[in-house]
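Colleague: I am new to this structure and would like a close look at a single part of it. Please take the packing of the helices and go through it in one connected account.

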Amino acid sequence: MSKTNNATNQIGLEKSDMSEVIAKLNSLLSSYHMFYINVRGYHWNVKGEHFFTLHPKFEELYTSLQVEIDVIAERILTLGGTPLHAYSDFSQHTSIQEDKNVKDGNACVKGVVTGLQSLIAEQREVSALAVESEDQGTADLVDDYVQQQEKLIWMYNAFLG
Ligand SMILES: [Fe+2]
């Protein structure tokens, strides 16, 4: 049912419900940024016999994270919010912590798996809240990422054996 009044945003969703969805998306955006910079670190610093496998794999991952970051930020704008855009804000809202000076291949892959698990858990919460608020667009967006990241976990865990 289409509603057009001051209580709804430009896509007909209740502003009061959306403020909570926007806040959760901003936390998710922060976690993505933290994970992104961790994965860049793995890409740069990984050493050892699997260098030529892992170095490009990590680049593939951070490149897709960068695209997802932009989609999430623009979803926040579509809902009527403002995406966080300062590292000081990201560090306060992230669910993923900095992972510094990791060089061992397996440790890098474990960091990737842990980060993906955090993103998945956070996105499941975003999805549930969005569905409650009739925001199927946000739910579909993060559900798609969950499915892709679940498969990545299988592959990175297969690497670990
Ligand atoms: Fe590079």
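Modeller: In this predicted model, helices α1 and α4 pack at an angle of about 170 degrees, and their axes are 10 Å apart. An angle over 145 degrees counts as roughly antiparallel, so α1 and α4 are roughly antiparallel to each other. On the α1 side the contact is made by residues including E20, L25, Y32, F35, V39 and Y42. On the α4 side the residues include C108, V112, G115, L119, V126 and A130.

An α-helix has 3.6 residues a turn, so residues three or four places apart point the same way. Among the α1 residues that make the contact are L25, L28, Y32, F35 and V39. Among those of α4 are C108, V112, G115 and L119.

Several of these names come back in the largest nonpolar core. That core has 34 residues, and L25, Y32, F35, V39, I72 and V112 touch the most other members. The elements that give two or more residues to this core are α1, α2, α4 and α5. Of these, α1 gives the most, with twelve residues. In soluble globular proteins, nonpolar side chains tend to be buried together. To take one core residue, F35 touches L65, I96, G115 and L119, leaving aside residues up to four places away in sequence.

Helix α5 also gives residues to the core. Helix α5 covers residues 136-160, which is 25 residues, and reaches 36 Å from its first C-alpha to its last, close to the 36 Å expected at 1.5 Å a residue. Within α5, T138, A139, V142 and Y145 are buried. What covers the buried residues of α5 includes α1 (15-45), α2 (51-78) and α4 (105-132).

D143 lies in α5 as well, but D143 counts as partly exposed because it has 17 C-beta neighbours inside 10 Å, whereas a buried residue needs 20 or more. The C-alpha atoms of D143 and R124 are separated by 7.3 Å, although the two residues are 19 residues apart along the chain. After α5 comes G161, whose phi is positive, near 80 degrees.

For the wider setting, an unreviewed UniProt entry lists residues 22-160 as "domain: Ferritin/DPS". Over residues 22-160 the chain is 81% helix and 0% strand, with the end C-alpha atoms 36 Å apart.

Key. Residues are numbered from 1 along each chain as its sequence is written. This is a predicted model: local features need pLDDT of at least 70, side-chain atom pairs count only at pLDDT 80 or more; totals for chains, interfaces and linings use all residues. UniProt positions are given in the numbering used here, feature names are shortened, and annotations may be inferred rather than shown by experiment. Helices (H or I, at least four residues) and strands (E, at least two) are DSSP runs, numbered from the N terminus. The expected span of a helix is 1.5 Å times one less than its number of residues. A residue is buried if 20 or more other C-beta atoms lie within 10 Å of its own, exposed if 12 or fewer, and partly exposed in between; C-beta atoms are placed from the backbone. Two residues are in contact if their C-beta atoms, placed from the backbone, lie within 7 Å. A nonpolar core is a set of buried Ala, Val, Leu, Ile, Met, Phe, Trp, Tyr and Cys residues joined through C-beta atoms within 7 Å. Axes are lines fitted to C-alpha atoms, for helices over the stretch in contact, and angles run from 0 to 180 degrees between N-to-C directions. Angles under 35 degrees count as roughly parallel, over 145 as roughly antiparallel, 65 to 115 as roughly perpendicular and the rest as oblique.
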